[in-house]
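Trainee: Could you take me on a close look at the charged side chains and how they pair up? I would like to see that part set in its surroundings.

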Amino acid sequence: MGWENRADDDPEGDRPGDVVRSLAELNAAAAVCAAQFPTIGLIWWGWAGAQQGDDYGGSFSFLYVLVVAVAVLVTPLVMPFVGMAHAVAHIVPAGHLARVTARRVRGPAWAWHLVYAVALAVVWAAVTALLWSRPFLITATLLAALGVLPVLGLGHFRRRARVTGRPQGFWAVWLPSLFASVTLFLLVFVGGLLATVVGLVGYQAPALSAGQLTGVWRGADGAALRLEPGGKAELTELPTESESGDWFADPPYTVCEGTGNWSTGRVGDRDAVVVRLDSGCGRQTYWRIGGTKSTPELFARFGDPDDSWVWILVRG
């Protein structure tokens, strides 16, 4: 990184009374810390969504869109404070220890900064494990990863300060950090979107053949659907699309019994089972395939797509 093992090589050194330079370093550390958090929040949001598994074909509600919009608007106001907290608790203390060590031990100061950032990550992970029972190893790994970009970014601003001979000003630090934050966020967002489209990440419904679909599928309140080879179906207390098609009826479906036929179909990006009754009860109903390969499910949504009733059938 181009740092020499000399005390006078660091313009933000620990000279007594140099308040301006100390504040400049704190400002730079807060900026580089804040730059990574929007992307980290995006990654966490995507990971949390993937852990939830099947959403049963649900659509984004207005409330969900409103929450996301508010989060986007509030993030630029909150991130400077988050970055400052991270800098004070993690990056700046590690940098101070690194400079002290670099004056007495061989090796570049930036490398010692990384070492102490990892060491402090372990300390804070131990604290969180004791106070909040968080998993120590996972927490330590995440906190250590959070220190890498800030340490390297702070090194960049220190090199610029050496070239100019003075500490970087407020906007000279925050504007490049803002640009880097937006660029990194967009790269991760586009990459995650492409990975989701091609099926590399996110939930994927199982693919079941007609033979794997045959058998009895059961749901709540005694609902049952028997799918037999050859396309014959038998329904017991099974919800079906109502003849009226009224989304706002209570409930927005008709419970039917009897025999009919079934075939495979598709709804959007989902394979489905299309069930038709021989009698006049209800209309043909699409039971989409969900769950996992080991525990597959059939589900149908009835009523308003934004606030629909979901019925789930599992193998009997």
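Mentor: Happy to; we start with the chain as a whole, go to the salt bridges, and finish with the helices and the aromatic pairs around them.

Please keep in mind that this is a predicted model. The chain has six helices and eight strands, and along the sequence the helices come before the strands, in the pattern α-α-α-α-α-α-β-β-β-β-β-β-β-β. Of its 316 residues, 35% count as buried. Among contacts with a separation of 6 or more, 57% are between residues 24 or more positions apart. The accessible surface is about 18,000 Å², and carbon and sulfur atoms hold 67% of that surface.

Now to your charged side chains. A search of the whole structure turns up three salt bridges. In one of them, Arg99 meets Glu25 at 2.9 Å, N to O. This pair links distant parts of the chain, with Arg99 in helix H2 (residues 62-104) and Glu25 in helix H1 (residues 19-51), 74 residues apart. With a relative accessibility of 9%, Arg99 counts as buried, and Glu25 is buried too, at 6%; the cut-off for buried is under 20%.

Glu25 also has a salt bridge to Arg158, where the closest N and O atoms are 2.4 Å apart. Here the link runs from helix H4 to helix H1, across 133 residues of sequence. Arg158 is buried, as is Glu25. Because salt bridges that share partners are joined, Glu25, Arg99 and Arg158 form one network.

The remaining bridge to look at is that of Asp271 and Arg266, whose side chains meet at 2.6 Å, N to O. Asp271 has a relative accessible area of 31%, so this residue is partly exposed.

What happens at Arg288, which is buried yet has no salt bridge? The nearest side chain of opposite charge is Asp269, at 6.5 Å, and a salt bridge needs the nitrogen within 4 Å of a carboxyl oxygen. Arg288 is found in strand E6 (residues 285-291). Leaving aside residues up to four places away in sequence, Arg288 touches Gly57, Val267, Arg270, Asp271, Ala272, Glu297, Leu298, Phe299 and Arg301. Asp271, one of these contacts, is the residue whose side chain meets Arg266 in a salt bridge.

Back to the helices. H4, the helix that holds Arg158, covers residues 136-164, so to speak 29 residues in all, and spans 42 Å from its first C-alpha to its last, close to the 42 Å expected at 1.5 Å a residue. Just after H4, Gly165 takes a positive phi of about 80°. Helix H5 (residues 170-197) has 28 residues and reaches 40 Å between its first and last C-alpha, close to the expected 40 Å. Its buried residues are Val173, Trp174, Ser177, Ser181 and Ala195. After H5 comes Gly199, which has a positive phi near 85°.

The aromatic side chains complete the surroundings, with seven aromatic pairs found in the whole structure. One of them is Trp112 with Tyr116: the ring centres are 6.2 Å apart and the planes are at 35°, so the pair is tilted. Both residues lie in helix H3 (residues 109-132), four residues apart, which is about one turn of the helix. An α-helix has 3.6 residues a turn, so residues three or four places apart point the same way. Trp112 is partly exposed at 22% relative accessibility, and Tyr116 is partly exposed at 22%.

Over in the strands, the rings of Tyr253 and Trp309 have centres 5.7 Å apart and planes at 75°, so this pair is edge-to-face. Tyr253 sits in the loop between strand E3 (232-240) and strand E4 (254-267), and Trp309 in strand E8 (residues 309-315), so the pair ties together parts that are 56 residues apart in sequence. Tyr253 is buried, at 12% relative accessible area, whereas Trp309, at 36%, counts as partly exposed. Both belong to one aromatic cluster, formed by Tyr253, Trp287, Phe302, Trp309 and Trp311.

Notes
Residues are numbered from 1 along each chain as its sequence is written. This is a predicted model: local features need pLDDT of at least 70, side-chain atom pairs count only at pLDDT 80 or more; totals for chains, interfaces and linings use all residues. Side-chain values use heavy atoms; hydrogens and water are left out. Rings of Phe, Tyr and Trp (its six-membered ring) pair if their centres lie within 6.5 Å; planes under 30 degrees apart count as stacked, over 60 as edge-to-face and the rest as tilted. Helices (H or I, at least four residues) and strands (E, at least two) are DSSP runs, numbered from the N terminus. Buried means under 20% relative accessible area, exposed over 50%, partly exposed in between (1.4 Å probe, protein chains only). The expected span of a helix is 1.5 Å times one less than its number of residues. Contact means heavy atoms within 4.5 Å. Accessible areas come from the Shrake-Rupley method with a 1.4 Å probe; for residues, only the protein chains shown count as cover. Lys and Arg count as positive and Asp and Glu as negative; His and the chain ends are not counted.
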